[in-house]
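Let's take a walk through this structure together, from the outside surface to some of the finer details of the backbone. Keep the 3D view open as you read.

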Amino acid sequence: MSGAVQQQAEPAGAAGSPTVIRNARHRPSTLKLCYHLAVSNSLYLLLAPFAAALAHRLSRHPLPDLAAAARSALTANPPLAVALLGLAAVLATVYLARRPRAVYLLDFACYKPGPEHVVTRETFMRQSAAAGVFTDENLAFQRKILERSGLGQGTYFPRAVLNSPPNPCMAEARAEAEAVMFGAIDQVLAKTGVRARDIGVVVVNCSLFNPTPSLSAMIVNHYKLRGNVASYNLGGMGCSAGLISIDLAKQLLQVHRNTYALVVSMENITLNWYWGNNRSMLMSNCLFRMGGAAVLLTNRGGAARRRAKYQLVHTVRTHQGADDRAYRCVFQEEDASGRVGVALSKDLMAVAGEALKTNITTLGPLVLPMSEQILFLASLVGRRVFGLRSLRPYLPDFKLAFEHFCIHAGGRAVLDTIEGSLGLSAWHMEPSRMTLYRWGNTSSSSLWYELAYTEAQGRVRRGHRAWQIAFGSGFKCNSAVWRALRDVDPAEEVGNPWVEEIHRFPVEVPKVESVVAAPAS
């Protein structure tokens, strides 16, 4: 079936377990593929006749005659020859000095909590009811959101929220942060073999938990990093802060030579569980879960480049904060009873769509093939210049620019909106939907669980391009583009949180999954 995504269901491993789905990858139509190949290779097609004519003309002269003519031209005017060589040397020096240093991703690790942190939908509702602070109407509201959230039965909560009664406090919040950060960092250092004292840059992002000393200071102290390490702690920047951290590390690696940059992305649940009855704030309780990731970047060449998985190609950041509606669509404040929570506005989906449009307007010319840019320009000219309002705006096919898409797993509604906006298939959306199902919304680290899923499925090949897209409060939409430098063999992956269970995925996620009521005691 042309242009469709075929799905094959496999029998579930046990009664009541999700059905495993095998998605066939989307392929463009034959006509569009031929057009794309013709435009992409148009330069070669245009130059081929000239190259053939030049080769035919040169073939009439013996090689010694051509060499003698070149020597004669150089010796006829020595000052000119020296000046040309000097100019070439100067231009080459300026180019090499001003060229941005390449940034490579050696490896990354995602934190996987222990089984004592597992929270099923039933556990969630039991803890919410036992808290004694939610009205019956809002318990029903949380149940409804949870049943339609797209989250599975294996997500994680910190100990303080699962305790009976819950005991959120600074000590428990620190314990959660240490477990997530140190767990991910230990894995990435073990995977890469890099010594902690060789790290020159540390960037940590966590929106809602910013203790003193900072989270970055906790890392410096725990791993005894060197005294001149450049450390940064980003707070309050929402779920897109992970890519802001990547962009900041990239800029710092242009200045700090021959070093490593450690980027840690996480969110803290312990002190940010909402204990009130404002429904716009209760949404975050239902979606956010425990998790985090550590990423090791470098600007070293040689052996480090040969060991690296990816090269950072582009980062694009767009900020809609000048617009009041966008600024307030994700807003931390007190509710009517004085309880602090993060309110999600009804405008969130519309704002996210506008932010995405702004971001891809900047990113498109950098990554889209010329064939797609020509079609987009033709559509724009037809509508704006010739007034052809009946002509639908052309949506560029980003599937021709990227093999893999990692879209922030903020919620089912977010993923549905992006899938429609970009015209993606179920195959392209699979890493994001499976991450939401298996881990929940882990905030800025969700992009790395998605890339880890792609690797665990054995899909990453040398030369493949991956697009990470994240949205966050402010309101921001940020992108990062990576190019794979080698094939990633899942059998050789150590510490990938998906590897031991990847045979169970992808699964079919129903639109509604009922919460089983606990039997009366």
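The accessible surface of the protein chain comes to about 25,100 Å², and 58% of that surface belongs to carbon and sulfur atoms. Areas like this come from the Shrake-Rupley method with a 1.4 Å probe, and for residues only the protein chains shown count as cover. What you're looking at is a predicted model, where local features need pLDDT of at least 70, side-chain atom pairs count only at pLDDT 80 or more, and totals for chains, interfaces and linings use all residues. Residues are numbered from 1 along each chain as its sequence is written, and side-chain values use heavy atoms, with hydrogens and water left out.

Of the 521 residues in the protein chain, 48% are buried. Buried here means under 20% relative accessible area, exposed means over 50%, and partly exposed is in between, with a 1.4 Å probe and protein chains only. The secondary structure comes to 18 helices and 15 strands; these are DSSP runs numbered from the N terminus, with helices being H or I of at least four residues and strands being E of at least two. Now look at the contacts (heavy atoms within 4.5 Å). Taking those with a separation of 6 or more, 79% are between residues 24 or more positions apart.

Back on the surface, there's a nonpolar patch of about 720 Å². Phe 376, Leu 377, Leu 380, Val 381, Val 385, Phe 386, Leu 388 and Leu 391 make it up. The rule for patches takes residues with over 30% relative accessible area and no salt bridge, joining like charges within 9 Å and nonpolar side chains (Val, Leu, Ile, Met, Phe, Trp, Tyr) within 5 Å. One of the patch residues, Val 385, is found in the loop between helix H15 (370-384) and strand S13 (404-407). Is Val 385 buried or exposed? Val 385 is exposed, with a relative accessible area of 60%.

That loop between H15 and S13 also holds Glu 403, so it's a handy way into the salt bridges, counted when a side-chain nitrogen of Lys or Arg is within 4 Å of a carboxyl oxygen of Asp or Glu. Side chains of opposite charge can pair when their charged atoms come close. By this rule the count comes to 21 salt bridges. Glu 403 meets Arg 465 in one of them, at 2.7 Å from N to O. This pair links distant parts of the chain, 62 residues apart, with Arg 465 in strand S14 (residues 465-472). Glu 403 counts as buried at 13% relative accessibility, whereas Arg 465 is partly exposed at 28%.

Next, find Asp 107 and Lys 309, whose closest N and O atoms are 3.0 Å apart in a salt bridge. Asp 107 lies in strand S3 (residues 104-110) and Lys 309 in the loop between helix H12 (303-307) and strand S10 (310-319), so the pair ties together parts that are 202 residues apart in sequence. Asp 107 is buried at 7% relative accessibility, and Lys 309 is buried at 0%. Both belong to a network of salt bridges that also links Lys 191, Glu 455 and Glu 493.

Now for helix H17 (residues 426-439). Its 14 residues should span 20 Å at 1.5 Å a residue, and the end C-alpha atoms are 19 Å apart, which agrees. The expected span is 1.5 Å times one less than the number of residues. H17 has a kink of about 30° centred on Ser 432, where the bend is the angle between axes fitted to the seven residues ending there and the seven starting there. H17 is mostly covered, with 12 of its 14 residues buried, among them Trp 427, His 428, Ser 432 and Trp 439. Just after H17, Gly 440 takes a positive phi of about 80°.

Finally, some backbone oddities. The peptide bond from Gly 474 to Phe 475 is cis, with omega near 15°, and Phe 475 lies in the loop between S14 and strand S15 (476-484). Another cis bond runs from Phe 505 to Pro 506, with omega near 0°. Lys 224 isn't a glycine, yet it has a positive phi of about 55°. You'll find Lys 224 in the loop between helix H9 (215-223) and strand S7 (230-234), where it counts as exposed at 59% relative accessibility.
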